[in-house]
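User: I am new to this structure and would like a close look at a single part of it. Please take one helix and explain in connected prose how it sits against its neighbours.

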Amino acid sequence: MKKTARARYTLEFKQEAVRLVETGQSIAAVARTLGIVDQTLFNWVKAQRQGQLKGADSKVKVSAEQMEISRLKAELARVKMERDILGKATAYFAKGSI
């Protein structure tokens, strides 16, 4: 079994994610958009409210390009899933109209 590297996020990235939640968006929606796990974002919001939100160590930083790639991958996965659902629905309804 191959170990995957743990993602490390900058303080700015975490603060922006928390800000999106605080503006009224749901944790699930923001997490889906950013390509992170809901529980991770929930933990960041909780830490922010307690004044304990910290960023990743300076050794490994996630660049803006990497964050954008992560967001785009998550969006691509969501769009593919929607496409597959629409394809199945189209086939289902086409069968019923014949």
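Analyst: What follows is a close look at helix 1 and at the helices and residues around it.

A word on the setting comes before the detail. This is a predicted model, and what is said here describes that model. The chain contains 4 helices and 0 strands, so that, when it is read along the sequence, its pattern is α-α-α-α. Of its 98 residues, 19% count as buried. The accessible surface of the chain comes to about 7,900 Å², and carbon and sulfur atoms account for 56% of that surface. Among the contacts in the chain between residues at least 6 apart in sequence, 68% join residues that are at least 24 apart.

A general point helps with what comes next: two packed helices are described by the angle between their axes and by the distance between those axes.

Helix 1 covers residues 11–22 and packs against helix 2, which covers residues 27–34, at an angle of about 140°, the two axes lying 9 Å apart. Because of that angle, helix 1 counts as oblique to helix 2. The crossing in which helix 1 passes helix 2 is right-handed. On the side of helix 1 the contact is made by Phe13, Ala17, Leu20 and Val21, which meet Ile27, Val30 and Leu34 of helix 2. Sorted by class, the residues of this contact comprise 7 nonpolar, no polar and no charged.

The second neighbour to consider is helix 3, which spans residues 38–49. The axes of helix 1 and helix 3 come within 9 Å of each other and cross at roughly 90°, and these two helices are therefore roughly perpendicular to each other. Here helix 1 contributes Phe13, Lys14, Gln15, Ala17, Val18, Val21 and Glu22, while helix 3 contributes Leu41, Trp44, Val45 and Gln48. By class, the contact of helix 1 with helix 3 has 7 nonpolar, 2 polar and 2 charged residues. Phe13, Ala17 and Val21 are thus named in the contact with helix 2 and also in the contact with helix 3.

The two neighbours of helix 1 also pack against one another. The axes of helix 2 and helix 3 come within 9 Å and cross at roughly 115°, in a crossing that is right-handed. Ile27, Ala28, Val30 and Ala31 of helix 2 make this contact with Asp38, Leu41 and Phe42 of helix 3, and the residues involved are 6 nonpolar, no polar and 1 charged.

Two residues of helix 1 deserve a separate look. Phe13 lies in helix 1 and counts as buried because its relative accessibility is 9%, where the cut-off for buried is under 20%. When its neighbours within four places in sequence are left aside, Phe13 is in contact with Leu34, Trp44 and Met67. Of these partners, Met67 is 54 residues away from Phe13 in sequence, yet their C-alpha atoms are 8.3 Å apart in space.

Beside Phe13 in the numbering is Lys14, which is also found in helix 1. With a relative accessibility of 13%, Lys14 likewise counts as buried. Once its neighbours within four places in sequence are set aside, Lys14 is in contact with Tyr9, Trp44, Leu53, Lys54 and Gly55. Trp44 is therefore a partner that Lys14 shares with Phe13, and Trp44 is also one of the residues of helix 3 that helix 1 meets.

Terms used: Residues are numbered from 1 along each chain as its sequence is written. This is a predicted model: local features need pLDDT of at least 70, side-chain atom pairs count only at pLDDT 80 or more; totals for chains, interfaces and linings use all residues. Side-chain values use heavy atoms; hydrogens and water are left out. Axes are lines fitted to C-alpha atoms, for helices over the stretch in contact, and angles run from 0 to 180 degrees between N-to-C directions. Angles under 35 degrees count as roughly parallel, over 145 as roughly antiparallel, 65 to 115 as roughly perpendicular and the rest as oblique. A crossing is left-handed if the near helix is turned anticlockwise from the far one by less than a right angle, and right-handed if clockwise. Contact means heavy atoms within 4.5 Å. Ala, Val, Leu, Ile, Met, Phe, Trp, Tyr, Cys and Pro count as nonpolar, Asp, Glu, Lys and Arg as charged, and the others, Gly among them, as polar. Buried means under 20% relative accessible area, exposed over 50%, partly exposed in between (1.4 Å probe, protein chains only). Accessible areas come from the Shrake-Rupley method with a 1.4 Å probe; for residues, only the protein chains shown count as cover.
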